[in-house]
Amino acid sequence: MASLSQWVQGARPRTLPAALAPVAAGTGVAAWQLENLHGEVDWALVIPRALLALAVSFSLQIGVNYANDYSDGIRGTDDDRVGPFRLTGSGAARPTTVKRAAIVSLALGGLFGLVLVALAQIWWTLLVGAAAIAAAWSYTGGKKPYGYLGLGELFVFVFFGLVAVGGTAYTITGAPTWVALPAAIAIGLLAVALMLTNNLRDIPTDALSGKKTLAVRLGERGTRRLYAAVVLVPFALMLPVMVVQWPVALVLLALPLALFPVRTVLRGAAGRALIPVLGATGRLELVFSLLLLSGLLL
């Protein structure tokens, strides 16, 4: 039986900034929008919905991590890992138990999402939520997992960038705003960087197991260049937002945090040497989103 510590490792805590970041950015966008529309922010409205959005995001992130652990484990993809601990592949937990943990996490995300939609009275977004849950399971689960076709980064960009940031803002304000778009693209690209780090590290084992991730398709050189791009482009995307809200320039304070992982990746780090890059990329996304939140609130 896996220990509590092993279950925590299996949840992949280094990826959790990808769940917090879009909610922080979306909340900042919503607060900025309410301030500009009404001259004030109704925090009694904003905070409960932001917390529910955070619960949805965390539940789905943990769910997709456990689902990935289960699906890759039973396929044998994790039999020879150089990355973080896996419950199924290591034999620490039964596959059915890991699968159950994934289903419970995704179900909790659906429940929190239902409460959020009910508060916002935007019922059509239930379809978006259902699509997010389906995407979380289908990343490596099912007969034709899209993660094995090189589409993982695209789905991460859509659901942990565009949907998560835009959805958080929309369920708070009930109206779209252009500021949500560059914010969502920026956060989505940083989430992609997290996945690229994992997939770059796993190119040798993924290629042998038939898992044709985007990194496998691009090769090491192309993946390293793409990583550098998706880490640095978000800073440029904030320039138009700075024009209308100059304190958003605070995000530039996160730029030094991008230097270590970009330099490490471009210099050819591989295998276990990429594990610190994963943590650094997660910290960058988190700090970027919190600085964006702060800049939109000032």
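Helices here (H or I, at least four residues) and strands (E, at least two) are DSSP runs, numbered from the N terminus. The model is predicted, so local features need pLDDT of at least 70 and side-chain atom pairs count only at pLDDT 80 or more, while totals for chains, interfaces and linings use all residues. Residues are numbered from 1 along each chain as its sequence is written, and side-chain values use heavy atoms, with hydrogens and water left out.

**Exercise 1. Place K99 and work out its surroundings.**

Step 1: find the element. K99 sits in helix α5.

Step 2: check the accessibility. The cut-offs are under 20% relative accessible area for buried, over 50% for exposed, and partly exposed in between (1.4 Å probe, protein chains only). K99 has a relative accessible area of 32%, so it is partly exposed.

Step 3: list the contacts, meaning heavy atoms within 4.5 Å. Leaving aside neighbours within four places in sequence, K99 is in contact with Y70 and W137.

Step 4: look along the chain. G63 is 36 residues away from K99 in sequence, and their C-alpha atoms are 9.3 Å apart.

**Exercise 2. Find the salt bridges and say how accessible the partners are.**

Step 1: set the rule. A salt bridge is a side-chain nitrogen of Lys or Arg within 4 Å of a carboxyl oxygen of Asp or Glu. As background, side chains of opposite charge can pair when their charged atoms come close.

Step 2: count them. You should get two salt bridges in the structure.

Step 3: take R201 and D202. Their side chains meet at 3.0 Å, N to O, and both residues are buried.

Step 4: take E220 and R224. This salt bridge comes in at 2.9 Å, N to O. Both partners belong to helix α10 (residues 214-237), where they are four residues apart, about one turn of the helix.

Step 5: compare the partners with the cut-offs. R224 has a relative accessible area of 8%, so it is buried. E220 is at 37%, so it counts as partly exposed.

Step 6: go back to D202 and look across to R272. The C-alpha atoms of these two are separated by 9.9 Å, with their positions 70 residues apart along the chain. R272 belongs to the loop between α12 (255-266) and α13 (275-297), and its relative accessible area of 55% makes it exposed.

**Exercise 3. Trace helix α3 from its start to what follows it.**

Step 1: look at the start. A side-chain oxygen of D42 comes within 3.2 Å of the backbone nitrogen of A44.

Step 2: check the span. The expected value is 1.5 Å times one less than the number of residues. With 33 residues, α3 reaches 47 Å from its first C-alpha to its last, close to the expected 48 Å.

Step 3: stop at Q61, which lies in α3 (residues 43-75). Q61 counts as buried because its relative accessibility is 7%. Its contacts, not counting residues up to four places away in sequence, are T15, L16, A18, A19 and F160.

Step 4: see what comes next. G76 follows α3 and has a positive phi, near 90°.

**Exercise 4. Which residues other than glycine have a positive phi, R12 and Q121 among them, and where do they sit?**

Step 1: recall the background. Most residues other than glycine have a negative phi, and most peptide bonds are trans.

Step 2: take R12. Its phi is positive, at about 55°, and it is found in the loop between α1 (4-10) and α2 (17-38). R12 is buried because its relative accessibility is 11%.

Step 3: take Q121. Phi here is near 60°, and the residue is in the loop between α5 (95-120) and α6 (125-138). Q121 is at 53% relative accessibility, so it counts as exposed.

**Exercise 5. Describe the largest nonpolar core.**

Step 1: define it. A nonpolar core is a set of buried Ala, Val, Leu, Ile, Met, Phe, Trp, Tyr and Cys residues joined through side-chain atoms within 4.5 Å.

Step 2: pick out the best-connected members. Of the 64 residues, Y227, M238, V248, V251, F288, L292 and L296 touch the most other members.

Step 3: find the main contributor. Helix α8 (residues 180-201) supplies the largest share of this core, 13 residues.

Step 4: look for another core. One of 12 residues lies apart from it, and includes A2, A67, A92 and V98.

How values were computed:
Polar contact = N/O pair within 3.5 Å; in protein donor to acceptor, adjacent residues only side chain to side chain.
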